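Welcome! Here is a friendly first tour of a protein structure, going from the overall picture to single residues. Please keep the sequence and the 3D view at hand as you read.

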Amino acid sequence: NHFMDEQDLYKEIILDHYHHPRKSGKMAIYTHLSHIDNPFCGDTIDVYLKVIDGTVTDASFEGSGCAISVASASLLFDSLTGKTIAQIQRITTENILALLHTRQLTPARLKCALLPLEAVHRALNEKK
């Protein structure tokens with residue numbers, strides 16, 4: 001009986017979301033938009049949010065980059081629908097690491113993992 005250790009689980013989750021990102025693609029109708037890129041590793045992400053009465057009713061992203069940024073975006077965007085702007089503003093680094101099933105990343109990788117959240121915050125601060 002093989003039990004996966006946490007690193008194996010982390011790698012499986014990252015690769016699954018990297019190869020099959022959830023919530024990927026541009027939405028036809030959205031209220032908030034942002035574009036952000038990380039020049040250090042070439043990650044880019046475009047964020048599309050549909051916000052009605054302070055609650056995200058739909059969210060998607062288009063991005064390219066390393067496995068960690070794409071997986072982080074996939075996991076994050078999968079969890080945004082139904083959340084209020086206030087709830088989203090309270091998402092922490094620890095919350096993102098928990099989604100990725102890891103406790104720590106190198107500083108460079110952490111920047112990749114947090115890029116999608118940064119893009120969401122930027123989108124919420126800038127209307128379409």
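## The protein at a glance

Of the 128 residues in the protein, 38% are buried. Please bear in mind that this is a predicted model. Its secondary structure comes to five helices and three strands.

**Overall fold and size**

- Reading from the N terminus, you meet the elements in the order α-β-β-β-α-α-α-α.
- The C-alpha trace spans about 50 × 30 × 25 Å along the principal axes of the protein.
- The radius of gyration is 14 Å, which agrees with the value near 14 Å that a compact globule of 128 residues would have.
- Among the contacts with a separation of 6 or more, 62% are between residues 24 or more positions apart.
- About 7100 Å² of the protein is exposed, and carbon and sulfur atoms supply 53% of that area.

**Helix H1**

- Helix H1 covers residues 6-19, and its 14 residues reach 20 Å from the first C-alpha to the last.
- That reach is close to the 20 Å expected at 1.5 Å a residue.
- Which residues of H1 are buried? They are Tyr10, Ile13, Ile14 and His17.
- These residues lie on the same side of H1, because they cover an arc of only 100 degrees around the axis.
- The cover over the buried residues of H1 includes helix H2 (67-80) and H4.

**Strand S1 and His32**

- Strand S1 is made of residues 32-38, and His32 belongs to it.
- Is His32 buried or exposed? His32 counts as buried because its relative accessibility is 4%, under the 20% cut-off.
- The side chain of His32 also makes a polar contact, at 2.7 Å, with the side chain of Thr31.

**Strand S2 and Val47**

- Val47 sits in strand S2, which takes in residues 43-52.
- With a relative accessible area of 0%, Val47 is buried.
- Leu33 is 14 residues away from Val47 along the chain, and the C-alpha atoms of the two are separated by 5.4 Å.
- Which residues does Val47 touch, leaving aside its neighbours within four places in sequence? It is in contact with His32, Leu33, Ser34, Ser60, Phe77, Ala119, Val120 and Ala123.
- One of these contacts, His32, is the strand S1 residue described above as buried.

**Two loop residues with a positive phi**

- As background, most residues other than glycine have a negative phi.
- Lys23 is not a glycine, yet its phi is positive, at about 60 degrees.
- You can find Lys23 in the loop between helix H1 and S1.
- Lys23 counts as partly exposed because its relative accessibility is 30%, and the range for that label runs between 20% and 50%.
- His101 is another residue other than glycine with a positive phi, in this case near 60 degrees.
- Where is His101 found? His101 is in the loop between helix H4 (93-99) and helix H5 (107-125).
- The relative accessible area of His101 is 37%, so His101 is partly exposed.

How values were computed:
Residues numbered from 1 in each chain as written. Predicted model: local features only at pLDDT ≥ 70, side-chain atom pairs only at ≥ 80, totals over all residues. Heavy atoms only, no water. Helix = DSSP H or I, 4+ residues; strand = E, 2+ residues; numbered from the N terminus. Buried < 20%, exposed > 50% of the residue type's maximum accessible area, 1.4 Å probe, protein only. Polar contact = N/O pair within 3.5 Å; in protein donor to acceptor, adjacent residues only side chain to side chain. Contact = heavy atoms within 4.5 Å. Expected span 1.5 Å × (residues − 1). Arc of directions from axis to C-beta. Rg over C-alpha atoms; globule rule 2.2 N^0.38 Å. Areas by Shrake-Rupley, 256 points an atom, 1.4 Å probe, with all protein chains shown as cover.
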